[in-house]
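Here are some notes to read alongside the model, written as numbered points. Keep the structure open and follow along at your own pace.

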Amino acid sequence: MYRKEEKDMIKDDKLILGGHEFHSRFILGSGKYNPELIHAAVKNAGAEIITLAVRRANSGTASILEHIPDSITLLPNTSGARTADEAVRIARLARELGCGDFVKVEVIRDSKYLLPDNQETIRATEMLAKEGFIVMPYMYPDLNAARDLEHAGAACIMPLGAPIGTNKGLCTREFIKILIEEIDLPIIVDAGIGRPSQACEAMEMGAAAVMANTAIATSGDIPAMAEAFKKAIEAGRTAYLSGLGRVVNGRASASSPLTGFLEQ
């Protein structure tokens, strides 16, 4: 049985980004957009934030917007930007298109592994934060870069779990743990999460949220997988708030007094 204060803590648990409150800790990346994915993320996964690639005002962007309910917060990203200046221009375009003040900063020069350029990301974050954007930077999990992003005005830190689209899971697990321990901002695991169990593990570690796209978009049953991610993220968050049990190394620990005779 939960104590009353534990129940209240879980019930009132909210994700705060730039002064905005969210109840869902699942964020949909819509790079592999199709209507079924959008609908499942909203209905089955309860997503309240959905990314939107805005490299230009085109019919593809418009068609995505047609499927996103007005209640959903748009998170335009700067996908395609290779420098901080390009990312800033894309963010400004998104704002002009009516996408709001949220922006996910992606600055990627590496065309093979699609790893983010942390230094250019820091520069873009500083410029956009000064213009009043709620900046959510995608980065390679490096503590010094994360500290610089925090000082630059980021609303959260979004380290990759594995290279984009690989579904390999938490390859950078130990580095993400360091960010969770050392950075006083929400840590949102972005890219590479391939299974609900991996999303659950990220939340158990203390991540504030998980972004997923490929894992759901490439699954055999998109609505069912979206719901599985929702349940996994909620379970992981509840476990983290409840306090995970201790780990005993080197020997077993009797879970019942009846096994005490083994030591006599």
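1. Which hand does the crossing of helix 5 and helix 6 have? It is right-handed. Bear in mind as you look that this is a predicted model. Helix 6 covers residues 143-152, and its axis comes within 8 Å of the axis of helix 5, the two crossing at roughly 10°. Angles under 35 degrees count as roughly parallel, so helix 5 and helix 6 fall into that class.

2. To see who makes this contact, colour Asn118, Thr121, Ile122, Thr125, Glu126 and Ala129 on helix 5, then Ala145, Asp148, Leu149 and Ala152 on helix 6. By class, the contact of helix 5 with helix 6 holds 5 nonpolar, 3 polar and 2 charged residues.

3. Next, please turn to helix 8 (residues 196-205) and helix 10 (residues 222-242). Their axes lie 7 Å apart and the helices pack at an angle of about 25°, so this pair is also described as roughly parallel. Helix 8 passes helix 10 in a right-handed crossing. On the helix 8 side, the contact is made by Pro196, Ala199, Cys200, Met203, Glu204 and Met205. Helix 10 contributes several residues, among them Met225, Phe229, Ile233, Arg237 and Tyr240. The contact of helix 8 with helix 10 divides into 13 nonpolar, 1 polar and 2 charged residues.

4. How many of the residues of helix 8 are buried? The count is 7 of its 10, so helix 8 is mostly covered. The buried ones are Pro196, Gln198, Ala199, Cys200, Ala202, Met203 and Met205. Their cover includes helix 7, strand 9, strand 10 (209-212) and helix 10. Just after helix 8 comes Gly206, with a positive phi near 115°.

5. Helix 10 has another partner for you to look at: helix 2 (residues 35-43). The axes of helix 2 and helix 10 come within 9 Å and cross at roughly 35°, and this crossing is right-handed. Here Glu36, Leu37, Ala40 and Ala41 of helix 2 meet Ile222, Pro223 and Ala226 of helix 10. Sorted by class, the contact of helix 2 with helix 10 has 6 nonpolar residues, no polar ones and 1 charged.

6. Two backbone angles deserve a look. Most residues other than glycine have a negative phi. Leu114, though not a glycine, has a positive phi of about 55°. Leu114 sits in the loop between strand 6 (102-105) and helix 5 (118-130), and with a relative accessibility of 33% it counts as partly exposed. Ala191 also has a positive phi, near 80°. Its place is the loop between strand 9 (188-190) and helix 8. Is Ala191 buried or exposed? At 10% relative accessibility, Ala191 counts as buried, because the cut-off for that class is under 20%.

7. The loop between strand 8 (158-159) and helix 7 (173-182) contains Leu170. At 5% relative accessibility, Leu170 counts as buried. What does Leu170 touch, leaving out residues up to four places away in sequence? The list is Gly161, Ile176, Val189, Ile193, Gln198, Glu201, Ala202 and Met205. Among these, Gln198, Ala202 and Met205 are buried residues of helix 8. Leu170 also lies 8.3 Å from Leu160, C-alpha to C-alpha, with their positions 10 residues apart in sequence.

8. Thr166 is found in the loop between strand 8 and helix 7 too. Thr166 is partly exposed, with a relative accessible area of 31%. Its side chain reaches the backbone oxygen of Pro163 at 2.8 Å. The C-alpha atoms of Thr166 and Gly192 are separated by 5.4 Å, although the two residues are 26 apart along the chain.

9. Finally, take a moment for Ser219, in the loop between helix 9 (214-217) and helix 10. Ser219 counts as buried, at 17% relative accessibility. Which backbone oxygen does the side chain of Ser219 reach? The partner is Ile216, at 2.7 Å.

How values were computed. Residues numbered from 1 in each chain as written. Predicted model: local features only at pLDDT ≥ 70, side-chain atom pairs only at ≥ 80, totals over all residues. Heavy atoms only, no water. Axes fitted to C-alpha atoms, helices over the stretch in contact; angles between N-to-C directions. Helix = DSSP H or I, 4+ residues; strand = E, 2+ residues; numbered from the N terminus. Parallel < 35°, antiparallel > 145°, perpendicular 65-115°, else oblique. Left-handed = near helix turned anticlockwise from the far one by under 90°. Contact = heavy atoms within 4.5 Å. Nonpolar A, V, L, I, M, F, W, Y, C, P; charged D, E, K, R; others polar. Buried < 20%, exposed > 50% of the residue type's maximum accessible area, 1.4 Å probe, protein only. Polar contact = N/O pair within 3.5 Å; in protein donor to acceptor, adjacent residues only side chain to side chain.
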